[in-house]
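Hi everyone, thanks for coming along. Let me put the structure up on the screen, and then we can walk through it together.

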Amino acid sequence: MPKISKIFSIKMSDFSEVCAIIYAENLNERVNTWCPKLGKRHVCLVSIHANAAGNGSQWMKARGWCAYTCKGHTLSDELANCLYNAARKYLPGQRIRTDYTDGDPDLEKNFYLLRNTYAAAVLTENLFYDNVDDLSFLESEEGQKAIVALHVEGITEFLRLHEI
């Protein structure tokens, strides 16, 4: 998976005027240092991942894209909504995994990174790298452009909505 992560990091850097990408051991701590300086509505964190359903010994059937926020209704839900809208646009034909039990599409988990970041924080799972079809798409130029574009558009829309 490092190969794909590195490609996305390089491609995301093409959008540096939109996104500041911080590489750090303790990402939420680094983001939290900017919140008092800029205001937490001017900062957001999107942690970009690819999912897995198995232990790597065989191809799995699980597929799809999703986003996680922490439990409860927060500004993170609004960021996730923007990312979901962009995912639907840039991933036609791909499964978009949702959970509307709380009224919005994102899945909720109390991941440390999400619950301990002062600003809006979302973790995206960009398809399954242990599904042969998802991996093929992730490794393609089309797939890489789609994943980057949905994140850039989702973040940009969130910032526009909050007049940042």
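One definition before we start: a residue is called buried when its relative accessible area is under 20%, exposed when that area is over 50%, and partly exposed in between, using a 1.4 Å probe and protein chains only. Please keep in mind that this is a predicted model, where local features need pLDDT of at least 70, side-chain atom pairs count only at pLDDT 80 or more, and totals for chains, interfaces and linings use all residues. Residues are numbered from 1 along each chain as its sequence is written, and side-chain values use heavy atoms, leaving out hydrogens and water.

Let's begin with the overview. The protein chain has six helices and four strands. Helices here are DSSP runs of H or I with at least four residues, strands are runs of E with at least two, and both are numbered from the N terminus. Following the sequence, the pattern reads α-α-β-β-α-β-α-β-α-α. Of the 164 residues, 44% count as buried.

Now to the strands. How many residues of strand β2 are buried? In β2, which covers residues 65-69, five of the five are. On one side we find Trp-65, Ala-67 and Thr-69, on the other Cys-66 and Tyr-68, and both faces are covered.

Who are the partners of β2? Strands count as paired if DSSP finds at least two bridges between them. With β4, residues 120-128, β2 runs antiparallel and shares four bridges. Among them, Trp-65 is partnered with Asn-126, and Cys-66 with Glu-125. With β3, residues 107-108, β2 runs parallel over two bridges, and Thr-69 sits opposite Glu-108 there.

Strand β4 has a further partner: β1, residues 44-51, pairs with β4 in the parallel sense through seven bridges. Cys-44, for instance, stands opposite Ala-120 of β4. Because nine of the nine residues of β4 are buried, this strand is largely enclosed by the rest of the structure.

Have a look at Leu-127, which lies in β4. Most residues other than glycine have a negative phi. Leu-127 is not a glycine, yet its phi is positive, about 70°. Leu-127 is also buried, at 0% relative accessible area.

Leu-127 brings us to Gln-94, in the loop between α3 (75-90) and β3. Contact here means heavy atoms within 4.5 Å. Apart from neighbours within four places in sequence, Gln-94 is in contact with Arg-63, Leu-127, Asp-134 and Phe-137. Gln-94 counts as buried because its relative accessibility is 16%.

Last stop, the helices at the end. Helix α6 has 21 residues, 141-161, so at 1.5 Å a residue it should span 30 Å, and its end C-alpha atoms are indeed 30 Å apart. The expected span is 1.5 Å times one less than the number of residues. Just after α6, Glu-163 has a positive phi of about 50°.

How do α5 and α6 meet? The axis of α5, residues 132-139, comes within 4 Å of the α6 axis, crossing at roughly 80°. The two helices are therefore roughly perpendicular. On the α5 side, the contact involves Phe-137, Leu-138 and Glu-139, and on the α6 side, its residues include Glu-141, Gln-144 and Ile-147. For the angle, axes are lines fitted to C-alpha atoms, for helices over the stretch in contact, with angles from 0 to 180 degrees between N-to-C directions. Under 35 degrees counts as roughly parallel, over 145 as roughly antiparallel, 65 to 115 as roughly perpendicular, and the rest as oblique.
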